[in-house]
Amino acid sequence: MPLSTTAIGALLGLGTQMYSNALRKLPYMRHPWEHVLGMGIGVVFVNQLVKWDAQLQVDLDKMLEKAKAANERRYFDEDDE
């Protein structure tokens, strides 16, 4: 998984920089260092996005578990009987 997210991020950064150059009607590889910088930023962005999504899933599971426990206490509490 980390290799694919890194590759996707690198392609996203490279594609963004090449698209930017194409819109401005400049040569695609005008400043190669900008491509490297864009690839690095894309890698960081996509990896952080994947980490954020995993943390969001963990938080959602915790919230659902708390809600389930609260509903069970509310509706199936043995003190009411």
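These questions and answers cover a predicted model and the terms used to describe it. Local features need pLDDT of at least 70, side-chain atom pairs count only at pLDDT 80 or more, and totals for chains, interfaces and linings use all residues. Residues are numbered from 1 along each chain as its sequence is written, and side-chain values use heavy atoms, without hydrogens or water.

Q: What makes the protein chain more spread out than a compact globule?
A: The chain has 2 helices and 0 strands (DSSP runs: helices H or I, at least four residues; strands E, at least two; numbered from the N terminus). Its radius of gyration is 23 Å, well over the 12 Å that the globule rule gives for 81 residues, so the chain is more spread out than a compact globule. That radius is taken over C-alpha atoms, and the rule is 2.2 Å times the number of residues to the power 0.38.

Q: Why is Thr5 called buried or exposed?
A: Buried means under 20% relative accessible area, exposed over 50%, partly exposed in between (1.4 Å probe, protein chains only). Thr5 has 6% relative accessibility, so it counts as buried. Thr5 lies in helix 1. Leaving aside neighbours within four places in sequence, Thr5 contacts Val46, Asn47 and Val50 (contact: heavy atoms within 4.5 Å).

Q: Why does Lys25 count as buried or exposed?
A: Its relative accessibility is 75%, so Lys25 counts as exposed. Lys25 sits in the loop between helix 1 (2-23) and helix 2 (32-75).

Q: What is the phi of Lys25?
A: Lys25 has a positive phi of about 55°, although it is not a glycine. Most residues other than glycine have a negative phi.
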